[in-house]
Amino acid sequence: LSDPSVPPSGVSCSGCGAELQCGDGGAPGFVPAEKYRSLLSEGPAGLRGAVCQRCWALAHHGSALRLRLPPDEHRRVVSAALRRPPRHGRGPLLLYVLDVMELPDPVLPQLPALLGPDVPAAGVLVVGNKVDLLPADCRGHLGRLRQRVAAACARAGLRGAALVDIRLVSAKTGFGVEGLVSRLQRSWKCAGDVYLLGATNSGKSTLFNTLLRSDYCKSRAPDIIDRATVSPWPGTTLNLLKFPIINPTCDRIFRRQERLKEEAAKTEDQLSSEEKKHLNQLKKQGYLVGEVGRTFQRQKSSSEIDFDPDMLSYSVDEDPRDSPKRHEEREEFTHNEVKDARWCFDTPGIVKEDCVLNLLTEKEVKLVLPSHAIVPRTFILKPGVVLFLAALGRIDYLEGEKPAWFSVLASNLLPVHVTTLSNADAVYEKHIAQEFLKVPMGGEERMKEFPPLVPQDITLKGIGTTEAVADIKLSSAGWVAVTAHAEEELLLRAYTPKGTALVVREPPLLPYISTIRGARIPGTPAYRTKKPPSFVENLRATGSR
């Protein structure tokens, strides 16, 4: 229950950065009044390290409490932070995190307006995230993905000196993160603060957490600052969280390079059983894997003084009902450790408009957002055949002289169904919100508030039987790569829920994806799936020298 008579605490939630309060259950930072008073009774350390009800629900149950927080509020917080006067005589570096599967990134074109002429930014380093989820359709596919990101930046007006670099990473599996840290330490050093920006669900907070456990963060900080709330629910970071950046002296860079060389000389067989187990878990999650290590050990210090808890973020992995003793044992930075520190900030995710995720419940979002390496599903279809991606997207093959290949790239948990054009409407009406189409779920009551599918006609001309001509991107539910005979003209009709974006992506993200398939399944339009092997960076292949 809430109690509006109790003033806000002035202490930040350690999961999302919102000010802890018990006055409004629908606002950020809410803690039930009884629990709030209990924490206050423990003294100054009571609220320090506590999490709000929303972060606790996200971390422990994967559920998001509905908040009254309009999209403009996210932009206001980010914009205000970027307009702070430079603390060290130099504007901040912006790390813009985008989901490569979402190209063309819907928020990237808003970046110039968000920055504006009065933002003293030193430049933007664009991080293409979630590359681990995409199968390699041919040699050099990462170079092509980087070109696609560069093209999106150019279209958004981000080019020249303003664009510092483009890096491809997986914040979840660690691929490319050591390279990103090295790039930051070589070029940016410790010149000023760094802000992580990006759309909701781009993996921004996951990257923040990964950098926190890397050589980019002060060695003692992970013991004090834990992690931002990470969940599939859009907009999990509501305010600014931060960690102090380590100063990359020549000695530290040398020691770091020695560690990286030593690790790169190892083979998988030389890893400990625990390291192998962790590596195998990462391989199941992604095609590209990289271990993120730490070179510098923390140094114990007995001298501590009081420090403003608003400037720190703590753990969301602890139950808000922890005993007072747990809070009293938490360490803090000394004044000398942070008086001249440069900080890496995590910012609120900018909400994507026209996005199908905005229509879904948290349970549905978990099914739609890929959490493991995507296995492509390819079908050969004739004119007069329809393909459903759950109940979130539909593609009708209306006209064409020959069969064409349709490769689905979406969460492995989303069902794909193929039927005839004459039966398609009946299939949709019968199975919508049921287990057969899976998402959305909840039967007739759920469909009363879910918008209908609306069509868009698409004409394509084939390139050849091994190269897709375009991707039909069904909002954030996934996409279908279309491959057709050379010069073959296709008339398609694609559907997405009303109010969501349908994009024809030309050129396609993975043009040769239809070749990543097994044998045709007799009597069906489907091919057996084929999952390419995972690649581990920074490890020597067994048998090589």
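# Two sheets, a helix, a cavity and some unusual backbone sites

Strand S8, which covers residues 377-381, is joined to strand S11 by five bridges, and the two strands run antiparallel. The structure in which this pairing is seen is a predicted model, and the pairing of S8 with S11 is a convenient place to begin reading it. One contact that can be found by eye is that of Ile-380, whose bridge partner in S11 is Trp-405. Strands of a sheet pair through backbone hydrogen bonds, and they may do so either parallel or antiparallel.

S11 also has a partner in strand S15, residues 479-483, to which it is joined by five bridges, and here too the strands run antiparallel. Two of the residue pairs between them can be followed along the strands: Leu-409 of S11 has Trp-479 of S15 as its bridge partner, while Val-408 is partnered by Val-480 in S15.

These pairings belong to an open sheet of five strands, arranged in the order S8-S11-S15-S14-S17 with antiparallel pairing. The edges of this sheet are formed by S8 and by strand S17 (502-505), each of which pairs on one side only. From one strand to the next, the twist averages 20°.

How many of the six residues of S11 are buried? Six of the six residues in this strand, which spans 404-409, are buried, so S11 is largely enclosed by the rest of the structure. The burial applies to both faces of the strand, since Ala-404, Phe-406 and Val-408 are buried on one side, and Trp-405, Ser-407 and Leu-409 are buried on the other. Trp-405, the bridge partner of Ile-380, is therefore among the residues of a strand that is largely enclosed.

A second open sheet, also of five strands, has the order S12-S9-S10-S16-S13, and its pairing is antiparallel. Its edge strands are S12, residues 416-420, and S13, residues 453-461, and each of these pairs on one side only. Neighbouring strands of this sheet are turned against each other by 20° on average when direction is ignored. Within the sheet, strand S9 (residues 385-389) and strand S10 (residues 393-399) run antiparallel and are joined by five bridges, and Val-385 stands opposite Tyr-397 in S10.

Turning from strands to a helix, one may look at H1, residues 33-40, in which Ala-33, Lys-35, Tyr-36 and Leu-39 are buried. These residues cover an arc of only 160° around the axis, which puts them on the same side of H1. An α-helix has 3.6 residues a turn, so residues that are three or four places apart point the same way.

The next topic is the empty space inside the model. Rolling a probe the size of a water molecule over the atoms shows where empty space is left. A search of the whole structure finds three cavities of 30 Å³ or more, and the largest cavity has a volume of about 150 Å³. It is lined by 20 residues, of which Met-101, Glu-102, Pro-370, Ser-476 and Gly-478 are the closest to its centre. Sorted by class, the lining of the largest cavity consists of 10 nonpolar, five polar and five charged residues.

Some sites in the loops call for attention to the backbone itself. The peptide bond from Leu-103 to Pro-104 is cis, with omega near 0°, and Pro-104 lies in the loop between strand S1 (93-99) and helix H4 (111-115). Another cis peptide bond joins Val-439 and Pro-440, where omega is about 0°; Pro-440 is in the loop that lies between helix H13 (421-431) and helix H14 (443-447).

Positive phi values are found at two further loop residues, neither of which is a glycine. Lys-130 has a phi of about 70°, and its place is in the loop between strand S2 (123-129) and helix H5 (141-155). Is Lys-130 buried or exposed? Its relative accessibility is 15%, and because buried means under 20%, Lys-130 counts as buried. Ser-475, for its part, has a phi near 55°, and this residue is found in the loop between strand S14 (468-474) and S15. At 5% relative accessibility, Ser-475 counts as buried by the cut-off of under 20%. The loop that holds Ser-475 thus leads back to S15, the strand that is joined by five bridges to S11.

Technical notes:
Residues are numbered from 1 along each chain as its sequence is written. This is a predicted model: local features need pLDDT of at least 70, side-chain atom pairs count only at pLDDT 80 or more; totals for chains, interfaces and linings use all residues. Side-chain values use heavy atoms; hydrogens and water are left out. Buried means under 20% relative accessible area, exposed over 50%, partly exposed in between (1.4 Å probe, protein chains only). Helices (H or I, at least four residues) and strands (E, at least two) are DSSP runs, numbered from the N terminus. Two strands pair if DSSP finds at least two bridges between them. Axes are lines fitted to C-alpha atoms, for helices over the stretch in contact, and angles run from 0 to 180 degrees between N-to-C directions. The arc is that of the directions from the helix axis to the C-beta atoms. On a 1 Å grid over the protein atoms alone, a cavity is a set of points where a 1.4 Å probe fits but cannot get out, and a pocket is an open set with protein on both sides within 12 Å along at least five of seven lines; lining residues have an atom within 4 Å of a point. Grid points are joined across faces, edges and corners, and a volume is the space filled by probe spheres set on the points. Ala, Val, Leu, Ile, Met, Phe, Trp, Tyr, Cys and Pro count as nonpolar, Asp, Glu, Lys and Arg as charged, and the others, Gly among them, as polar.
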